[in-house]
Each structure stands twice: as C-alpha cells, then as structure tokens.
Amino acid sequence: MSSRIILPLDFADADEALSLVRKLDPGLCRVKVGKELFTRSGPYIVEQLIKNGFDVFLDLKFHDIPTTVARACTAAADMGVWMVNVHAMGGTRMMHAAREAIDKNSHKPLLIAVTVLTSMTDEDLEQIGVMQPAAEQVLALATLANSCGLDGVVCSAHEVQAIKNKIGNEFKLVTPGIRPGGSDKNDQSRIMTPSEAIKAGSDYLVIGRPITHAPDPLQALIAINEEVKKVIRD
Ligand code: C5P
C-alpha cells in the first residue's frame, strides 16, 4: 500500500525541493506543492516530481467562479497530479463544476476541499459574516463538500472523529499538525502523533518539518512510516 504520509514541500524554489526529494523514496511519501513553490516554479516542479515517481498533491486551494475553478481543475488533472483541492466556501455550484471537470478528464485526481482555514478564529469568522463557531462551520462545509461528490477534506486531526461519524469512512481526511513523539511543535498548536491521528481515522498525514528539518530526512520518514504501519497492522 502507498504511504499515508504527505510531505509538504515548503521551499522557495525547485532546486531546494528537488534536492530534498532526491534523498527520499516515492514509496515512503507523497508530496505537496503549495502556493509559494508553484508560484515560483510552476508546472516544471510538478513535472519533475512526477518524473521522480512521486504522487503530487497540488495544494492551490482554488476559489473562484465555477467555470474558472473547473478549468483550473482540468489543468491540474492534465498535469497528472494525484490530489487537488478547492475551497468549500466557493459553494455548491463551484464544487459541482470542479467535480464534473475532473470526472470528464482521463486522469482523475482526488478532489478535496478546504473547509475553514485553521488560522481562522471564531472572531475572524464573525468578521466575515460567519456567525457559527469554527467547529460547526467545518462540519457544515465538510457535509456540503460530500454532497457535491468531493472525495474528502483537509482538517485537523482533532476534527476527524466528528467528520467520519457524520459523513462516513469513505470520505478521505487529510490532516496537518502532526508531530512524532518528542519532536519540535514549531508553530503548530493542537498537534497529534502519527499513531494517534491514524487511530482517530485520518487517511493522510501532512508532516513537514519533523522530516525536512531532521538531520537525516530519509531515516525520519522511514521511522514515521514504521509507526503508521504498526498501527494499521494492529
Ligand atoms: O512542517 P509542518 O508539519 O508543520 O507542515 C504542515 C504543512 O501543512 C504546511 O505546509 C502547512 O502550510 C500545512 N497546513 C497546516 N495547517 C492547515 C493546513 C495546512 O499546517 N490547517
């Protein structure tokens, strides 16, 4: 089975990102290309990563009118990415358009949604007219994404159980904020270990600095994979 680990390539340019992934093994993780790296290096970095055997999560969080998002999803699918995402706040017509665009493509990446950015507090939400607390808004938007046929959402590992209970096990949950026991929290606050997150029901764990800042990133990745495999086996 392919790895449940998604390594975010939070680097300023393609050279830095490629020099790290060359030390790794595509059997041990998938990789995430976000706005900084993509804005600097564009489709080139995605092509190179795919050429090196990696599944690529293109984390560009599309949020625009339905036609534009549909066309962006088609462009992402044509690049051969494994996963792509949109903001659930774009609404049902936008999410349906994204779903249709991917269904029409010969290559069909997983299509997931972002619900509420974890940087948003209840007060931030109120300022933009969202009166319910973040936890309720997350559940409402995850339910909406599921009703539009999306494959899952990005969420905190602490939200996994509530979402799986409401929507079901097939809905894929991608969780950042994961820290192996004993590693630095950095700027993450509500963290879980890889085994706790898998036990809670996370499907994919986004783990960056504990791997990228490790003295030996390959060893760090191997150790996390072992921890995850052990939980799945037991
Ligand atoms: O290094 P670290 O494991 O904290 O990296 C987490 C990655 O997940 C970063 O790319 C960060 O932007 C992303 N992310 C997050 N929290 C979210 C959504 C994405 O940490 N709610």
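A residue counts as buried when its relative accessible area is under 20%, as exposed when that area is over 50%, and as partly exposed in between. The exercises below apply this to a predicted model.

**Exercise 1.** Decide whether Lys-61 is buried, partly exposed or exposed, and describe where it is found and what its backbone does.

*Solution.* Begin with the location: Lys-61 belongs to strand S3, which covers residues 56-62. Next, take its relative accessible area, which is 23%. Because this value falls between the cut-offs of 20% and 50%, Lys-61 is partly exposed. Finally, look at the backbone, where phi of Lys-61 is near 45 degrees, a positive value in a residue other than glycine.

**Exercise 2.** Carry out the same steps for Asn-186.

*Solution.* Asn-186 is found in the loop between strand S7 (172-175) and helix H8 (194-200). Its relative accessibility is 32%, so Asn-186 counts as partly exposed. The phi angle of Asn-186 is near 50 degrees, which is a positive value in a residue other than glycine.

**Exercise 3.** Classify Leu-49 by its accessibility, and then state how far its C-alpha atom lies from that of Arg-93.

*Solution.* Leu-49 is found in helix H2, which spans residues 35-51. Its relative accessibility is 0%, and because buried means under 20%, Leu-49 counts as buried. For the distance, note that Leu-49 and Arg-93 are 44 residues apart along the chain, while their C-alpha atoms are separated by 32 Å.

**Exercise 4.** Describe the surroundings of the ligand, starting from the pocket and ending with the area that the protein buries.

*Solution.* The first step is to place the ligand, which sits in the largest pocket. The second step is to list its neighbours: the ligand is surrounded by Pro-8, Asp-10, Lys-32, Thr-118, Pro-176, Arg-179, Gln-188, Val-206, Ile-207, Gly-208 and Arg-209. Sorted by kind, the residues of this shell divide into 4 nonpolar, 3 polar and 4 charged.

The third step is to look at individual distances to oxygen atoms of the ligand. An N or O atom in the side chain of Asp-10 is 2.8 Å from an oxygen atom of the ligand. For Gly-208 a backbone N or O atom is involved, and it lies 2.8 Å from a ligand oxygen atom. In Arg-209 a polar side-chain atom lies 2.7 Å from an oxygen atom of the ligand. The last step concerns area: taken alone, the ligand exposes 470 Å², and the protein buries 78% of that.

Definitions and conventions:
Residues numbered from 1 in each chain as written. Predicted model: local features only at pLDDT ≥ 70, side-chain atom pairs only at ≥ 80, totals over all residues. Heavy atoms only, no water. Near = heavy atom within 4 Å. Polar contact = N/O pair within 3.5 Å; in protein donor to acceptor, adjacent residues only side chain to side chain. Areas by Shrake-Rupley, 256 points an atom, 1.4 Å probe, with all protein chains shown as cover. 1 Å grid on protein atoms, 1.4 Å probe; cavity = no way out; pocket = protein on both sides within 12 Å on 5 of 7 lines; lining within 4 Å. Sits in = over half its atoms within 2 Å of the grid points. Nonpolar A, V, L, I, M, F, W, Y, C, P; charged D, E, K, R; others polar. Helix = DSSP H or I, 4+ residues; strand = E, 2+ residues; numbered from the N terminus. Buried < 20%, exposed > 50% of the residue type's maximum accessible area, 1.4 Å probe, protein only.
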